[in-house]
Amino acid sequence: MGLTEIADRVAQAAERAGRDPASVRLIAVSKVQPEARVAAVLEEGHRLFGENRVQEAEGKWAAFRDRFGPVEVHLIGPLQTNKARTAMALFDAIHTLNRSKLAATLARIADETGACPDLFVQVNTGDESQKAGVSVSDAPALIGEARRLSLPLVGLMCIPPVDQPPGPHFALLARMAAEHGLEGLSMGMSGDFEEAIAHGATHVRVGSAIFGERVTG
Ligand SMILES: *Cc1c(COP(=O)(O)O)cnc(C)c1O
């Protein structure tokens, strides 16, 4: 696999769905990948990446941005309020707004600094107890709150349960976004990004299919 093949598959999936390929953004998820693999994808010209930990991303992307110039980096993992300020300075978008306390913290810092990354509300479409998103039933209140706080809310994000077909989760998220007038849909990973695009994904988050299996521990 690799970047070129995945970018081609993204474009083809968009065309099959009757969509403009430019309406789907490919986020290369570089978490836990060795520096050389990430540098290789930067060398190929890709400039949109995803990370799931603030601390891991901090040093890494300061260095890559020095070397390669502006790179858009999105946070796709859970955010603790005590890391919100760092995350807001580092990331161009945060896909994991999942609770009102975090919304309030982001709004307070945005008021102070005059800047805020684009935000996605993460919805726990599978209502799994261990997952970080807001429940489907509580999502409307959180969306309303983010809007009252004038936060730059651009869409919804989900991670379907691993043991279920993802299609119904993608469809549910798309329906919720439409109901709330939100255009962004962050959904689809290495195994299911084409299906997510068929359901309207605007941001697919693809890691191992681009970089190879993650090397851990
Ligand atoms: C790691 C991760 C991905 C990418 O997963 P792959 O299966 O390697 O494509 C996508 N989204 C989130 C939230 C992740 O944590």
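## Start with the words

Helices and strands here are DSSP runs, numbered from the N terminus, with at least four residues for a helix and at least two for a strand. With that in hand, we can find our way to Lys-31: this residue sits in the loop between β1 (25-29) and α2 (35-43). Keep in mind as you look around that this is a predicted model.

## Meet Lys-31

Let us stay with this lysine for a moment. An unreviewed UniProt entry gives Lys-31 the feature "modified residue: N6-(pyridoxal phosphate)lysine". Is Lys-31 buried or exposed? Its relative accessible area is 18%, and because buried means under 20%, Lys-31 counts as buried.

Which residues touch Lys-31, if we leave aside its neighbours within four places in sequence? Lys-31 is in contact with Gly-50, Glu-51, Asn-52, Glu-56, Lys-60 and Arg-214. Try finding these residues in the structure above.

## Around the ligand

Lys-31 appears again when we turn to the ligand. The residues around the ligand include Val-29, Lys-31, Ile-76, Met-157 and Ile-159. Met-189, Ser-190, Arg-205, Val-206, Gly-207, Ser-208 and Arg-214 are also among them.

Some distances are worth a look. An N or O atom in the side chain of Lys-31 is 2.6 Å from an oxygen atom of the ligand. For the side chain of Ser-190, an N or O atom is 2.5 Å from a ligand oxygen. Ser-208 takes part through its backbone: one of its polar backbone atoms is 2.8 Å from an oxygen atom of the ligand.

## Following the strands

Now let us walk along the chain, beginning at strand β2 (residues 48-51). This strand pairs with β3 in the parallel sense, over four bridges, and Leu-48 has Glu-72 in β3 as its bridge partner. To get from β2 to β3, the chain passes through helix α3 (residues 54-68), in a right-handed β-α-β crossover.

Next comes the pairing of strand β3 (residues 72-75) with β4, which is parallel and has two bridges. Here His-74 is matched with Ala-93 in β4. The route from β3 to β4 runs through helix α4 (residues 84-90), and this β-α-β crossover is right-handed.

From β4 we move on to strand β5 (residues 118-124); these two strands pair in the parallel sense over three bridges. Ala-93, which we met as the partner of His-74, stands opposite Asp-118 in β5. The chain crosses from β4 to β5 by way of helix α5 (residues 100-113), in a right-handed β-α-β crossover. How many residues of strand β4 (residues 93-97) are buried? Five of its five residues are, and the strand is described as mostly covered.

## A look at Glu-15

Our last stop is Glu-15, in helix α1 (residues 3-16). Its relative accessibility is 54%, and since exposed means over 50%, Glu-15 counts as exposed. Glu-15 and Ile-197 are 182 residues apart along the chain, and their C-alpha atoms are separated by 9.6 Å.

Methods:
Residues are numbered from 1 along each chain as its sequence is written. This is a predicted model: local features need pLDDT of at least 70, side-chain atom pairs count only at pLDDT 80 or more; totals for chains, interfaces and linings use all residues. Side-chain values use heavy atoms; hydrogens and water are left out. Buried means under 20% relative accessible area, exposed over 50%, partly exposed in between (1.4 Å probe, protein chains only). Two strands pair if DSSP finds at least two bridges between them. A crossover is right-handed if, with the strands pointing away from the viewer, the path from the first strand over the helix to the second runs clockwise. UniProt positions are given in the numbering used here, feature names are shortened, and annotations may be inferred rather than shown by experiment. Contact means heavy atoms within 4.5 Å. A residue is near a molecule or strand if one of its heavy atoms lies within 4 Å of it. A polar contact is a pair of N or O atoms within 3.5 Å; within protein, one must be able to donate a hydrogen and the other to accept it, and residues adjacent in sequence count only if both atoms are side-chain atoms.
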